[in-house]
Amino acid sequence: MSASSSGNIDLIISILFRVYGEIDWWNAECADEIIIGAVLAQATRWENAERSLAVLKERNLCSIPAIHTSDPETIEAAVKSSGYYRLKTARLKACAACIMEEFGGVEALAGHETGQLRKRFLSVKGIGEETADSILCYALDRPSFVIDAFTHKICTCAGIEGNYGGLKRLFEEVLPADAGTYRQVHAHLVEYAKGYCGKRRCQECLIRNLNV
DNA sequence: GACCAGGTCCTTG
DNA sequence: CAAGGACATGGT
């Protein structure tokens, strides 16, 4: 996972950028919506999470304070479509409780250091590495690279093995520490994986299939 | 009808 | 630590 992996990653990133250019992804109206979406999207198709977000908005529940003060039953009814709705309601409320009670609101998160926030998010039951990094990178504009199922898939195709921390480190070593860059690269990986990548391991399939 | 989706937690070996 | 089950709805 050292020199040659970094080279592969570098190549993949530059190829994807050439193919897709700048793409805008995960547009949300506010940080709250991204935090909520990050939990709802766990192990679920994005379209299903999106439907729940629409319902939450309709009912004025799409904010961290609203999640915090609403009854579980109210949230559950609104997020059914994203699956695991009881579990996710508990996770949303645990997350909202942490933000509201320990920090005093989403805006107050800005005053804390990225590593400290990550550590605190990870200690909330239901927030794992991917959700924590999604919140940091997408909602709070912090340079914390997100590794998701798509990224794992692409890396496997490219012959790069590694656990969450290993892959995260790899991308962060190769890229400038900039949240916007991390989001762009992550978006490219997802875009490509959605369109092509299968289950089998396929060394250098990226390069061949992208007609470089 | 089977199988999988932008995970995480808990329990076992 | 690695592996396997639980959580649940919606699309192919």
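Modeller: Let's start with a term: a helix here is a DSSP run of at least four residues (H or I), and helices are numbered from the N terminus. With that, we can place tryptophan 26, which lies in the loop between α1 (3-20) and α2. Keep in mind that we are looking at a predicted model.

Colleague: Thanks! How many helices and strands does chain A have?

Modeller: Chain A has 12 helices and zero strands. Reading from the N terminus, you meet one α element after another, α-α-α-α-α-α-α-α-α-α-α-α.

Colleague: Back to tryptophan 26, then. What is the sign of its phi?

Modeller: First the general idea: most residues other than glycine have a negative phi. Tryptophan 26 has a positive phi of about 55°, although it is not a glycine. Asparagine 60 also has a positive phi, near 60°, and is found in the loop between α3 (46-58) and α4 (64-69).

Colleague: Why does asparagine 60 count as exposed?

Modeller: We count C-beta neighbours: 12 or fewer within 10 Å means exposed, and 20 or more means buried. Asparagine 60 is exposed because it has 9 C-beta neighbours inside 10 Å. Tryptophan 26 has 18 other C-beta atoms within 10 Å, so it is partly exposed. Over chain A, buried residues make up 33% of the 212 residues.

Colleague: At what angle do helices α2 and α6 pack?

Modeller: In general, two packed helices are described by the angle between their axes and the distance between the axes. Here, α2 (residues 31-40) and α6 pack at about 145°, with axes 9 Å apart. The crossing of α2 past α6 is right-handed. On the α2 side you can find Ile35, Ile36, Val39 and Leu40, which meet Lys88, Arg91, Leu92 and Cys95 of α6. The residues of this contact divide into six nonpolar, no polar and two charged.

Colleague: Which residues does cysteine 98 touch, leaving out those up to four places away in sequence?

Modeller: Cysteine 98, found in helix α6, touches Arg120 and Val124 when those sequence neighbours are not counted. It has 18 C-beta neighbours inside 10 Å and therefore counts as partly exposed. Cysteine 62 is 36 residues away along the chain, and the two C-alpha atoms are separated by 17 Å.

Colleague: Where are the domains of chain A?

Modeller: The domain assignment gives domain 1 (3-25 + 145-209) and domain 2 (31-139). Between them, eight residues of domain 1 are in contact with six residues of domain 2. On the domain 1 side, helix α11 (residues 179-195) gives the most, with three residues. That side divides into six nonpolar, no polar and two charged residues.

Colleague: And the DNA? Which residues come nearest to strand B?

Modeller: There are 22 residues around DNA strand B, and Gln42, Ala43, Gly128, Thr131 and Ala149 come nearest. Two elements, α8 (129-139) and α9 (149-157), give two or more residues to this surface, and α8 gives the most, with four.

Colleague: Which residues surround DNA strand C?

Modeller: Among them are Ala43, Thr44, Lys80, Tyr84 and Arg86. Helix α6 (residues 85-103) supplies the largest share of that surface, three residues. By type, the surface near DNA strand C divides into four nonpolar, four polar and two charged residues.

Technical notes: Residues numbered from 1 in each chain as written. Chains lettered and ligands numbered in written order. Predicted model: local features only at pLDDT ≥ 70, side-chain atom pairs only at ≥ 80, totals over all residues. Near = placed C-beta within 6 Å. Domains from an automatic or database assignment. Contact = placed C-beta atoms within 7 Å. Nonpolar A, V, L, I, M, F, W, Y, C, P; charged D, E, K, R; others polar. Axes fitted to C-alpha atoms, helices over the stretch in contact; angles between N-to-C directions. Left-handed = near helix turned anticlockwise from the far one by under 90°.
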